[in-house]
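Student: I have a model open and would like to go through its architecture with you. Could we begin with a single loop and then move on to the sheets and helices?
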Amino acid sequence: MPGNSKRRGAIKKTGKGNPTAGSGGRRRQGLEGKGPTPRAEDRPNHKIYKMKNATQKREAARPKRKQGDAAEWVAGRNPVVELLRATVPIHALYVAEGTERDDRIREIFKLAAEQHISLLEIGRIELDKLTGGAVHQGIAAKLNAYEYADPAIFARNAAELGEPALIVMLDGVTDPRNLGAVIRSAAGFGAHGVVIPERRAAHITASAWKTSAGAAARVPVARVTNLTRQLKAFQDEGMMVIGLAADGEVNLPDSQMIDGPVVVVIGSEGKGLSRLVSETCDELVSIPMSTGLESLNAGVAAGIALYAVAQARA
């Protein structure tokens, strides 16, 4: 309009150069500096934050697994059905989409239902990745890592039962089937625990579970970093330690140490006991044999030794 120098819609500036009220300038200033809205998991009052925090607390409360512990995968129809027949604890079964339902698969499904094991159907490529490219034939089982016991509980468990402690220790046994056989004998003769070394030794695997015939669920197994140190701890608790050796100075049935609290140490076939473990034993005993056989495997030796202990205590 003529005579009016102000343009319609123009913002009137103050002396300080700031926009006047009504222009939206103050509202824009009020929003400056607040930044983006935090994510839900970062807001303490949000439900997702509380759920995440609760999960972290549960994970922190769980026993810490040692390096190398992990879930084990067993692939293939025959291996999986053998696990189920032996009632090995299985976390879940995975079956590839489109897998042919033959007699073994049907038996697997039946045993899984009876044992209340989850059955998950996934793509064949995904199952290939989970099993590391193994020949799975469309089926695989996932086993959780074994939870090892604290060896300190063995003596306490024996005391609660009113029995002299009986513990089996393995020194250098590397075959998981031998470990499973030892655990089975330990369960059969009332041992209160089995101790194995952390390194260069068999651990609780699917093979050990199967050989133990379920005994691994009844007898606690401890894994320690130093056998000699653990033997001295058992000795401090009042236990005698006997080691099986081909050149032992006492025949096993004649030992005067096996009717009380005792740790029976069994070495590997061929090598026997390691030097430090042998020197820590209170007595080295031998199993009398009529032939020239140099050594027995760990499973057989454990069964004979535990039978001799049971006879002495009887």
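Tutor: Certainly; please note that this is a predicted model. A suitable starting place is H116, which sits in the loop between helix 4 (103–114) and strand 3 (118–122).

Student: What is the sign of phi at H116?
Tutor: H116 is not a glycine, yet its phi is positive, at about 55 degrees.

Student: Is H116 buried or exposed?
Tutor: H116 has a relative accessible area of 74%. The cut-off for exposed is over 50%, so H116 counts as exposed.

Student: Which residue other than glycine has a positive phi near 55 degrees in the loop before strand 4?
Tutor: That is Q137, whose phi is near 55 degrees. Q137 belongs to the loop between helix 5 (124–130) and strand 4 (139–143). With a relative accessible area of 37%, Q137 is partly exposed.

Student: Turning to the sheets, what is the strand order in the sheet of four strands?
Tutor: The order is 1-4-2-3; the sheet is open and its pairing is mixed. Strand 1 (72–75) and strand 3 are at the edges, and each has a single partner strand, so one side of each has no neighbour in the sheet. On average, neighbouring strands of this sheet are turned by 25 degrees against each other, with direction ignored.

Student: How do strand 1 and strand 4 pair?
Tutor: Strand 1 and strand 4 are antiparallel, and four bridges connect them. Within this pair, A75 stands opposite A140 of strand 4.

Student: Which helices pack on that sheet?
Tutor: Helix 3 (residues 77–85) lies across strand 1, strand 2 (92–96) and strand 4, and runs at about 45 degrees to strand 4. Helix 4 also packs on the sheet, where it touches strand 2, strand 3 and strand 4. The direction of helix 4 makes about 150 degrees with that of strand 2.

Student: At what angle do helix 3 and helix 4 pack?
Tutor: They pack at an angle of about 30 degrees, and their axes are 10 Å apart. Angles under 35 degrees count as roughly parallel, so helix 3 is roughly parallel to helix 4. The crossing of helix 3 past helix 4 is left-handed.

Student: Which residues make the contact?
Tutor: Helix 3 contributes R77, N78, V80, V81, L84 and R85, while helix 4 contributes R104, I105, E107, I108, L111 and A112. By class, the residues of this contact comprise seven nonpolar, one polar and four charged.

Student: Changing topic, how are the strands ordered in the sheet of seven?
Tutor: That open sheet has the order 7-6-5-10-8-11-9, and its pairing is parallel. Strand 7 (221–224) and strand 9 (250–251) are the edge strands, each pairing on one side only.

Student: At the strand 7 end, how many bridges join strand 6 to strand 7?
Tutor: Strand 6 (residues 193–197) runs parallel to strand 7, and four bridges join them. I196 has R223 of strand 7 as its bridge partner.

Student: Which way do the residues of strand 7 point?
Tutor: V221 and R223 point one way, whereas A222 and V224 point the other way; all are buried.

Student: And what about strand 8 and strand 11?
Tutor: Strand 8 (residues 240–244) pairs in the parallel sense with strand 11 (residues 283–286) over three bridges. The bridge partner of I242 in strand 11 is E283. Helix 11 (residues 298–313) packs on this sheet and touches strand 5 (166–171), strand 8 and strand 10 (262–267). The direction of helix 11 makes about 160 degrees with that of strand 10.

Student: How does helix 7 pack with helix 11?
Tutor: Helix 7 (residues 176–188) and helix 11 pack at an angle of about 15 degrees, with 8 Å between their axes. This makes helix 7 roughly parallel to helix 11. Helix 7 passes helix 11 in a right-handed crossing. The contact involves N178, A181, V182, S185 and A186 of helix 7, together with A298, G299, A302, G303 and L306 of helix 11. Those residues divide into six nonpolar, four polar and no charged.

Student: Finally, where is Y146?
Tutor: Y146 is in the loop between strand 4 and helix 6 (152–161). At 14% relative accessibility, Y146 counts as buried. The C-alpha atoms of Y146 and H203 are separated by 8.9 Å, although the two residues are 57 residues apart along the chain.

Terms used. Residues numbered from 1 in each chain as written. Predicted model: local features only at pLDDT ≥ 70, side-chain atom pairs only at ≥ 80, totals over all residues. Heavy atoms only, no water. Helix = DSSP H or I, 4+ residues; strand = E, 2+ residues; numbered from the N terminus. Buried < 20%, exposed > 50% of the residue type's maximum accessible area, 1.4 Å probe, protein only. Pairing = 2+ DSSP bridges. Contact = heavy atoms within 4.5 Å. Axes fitted to C-alpha atoms, helices over the stretch in contact; angles between N-to-C directions. Parallel < 35°, antiparallel > 145°, perpendicular 65-115°, else oblique. Left-handed = near helix turned anticlockwise from the far one by under 90°. Nonpolar A, V, L, I, M, F, W, Y, C, P; charged D, E, K, R; others polar.
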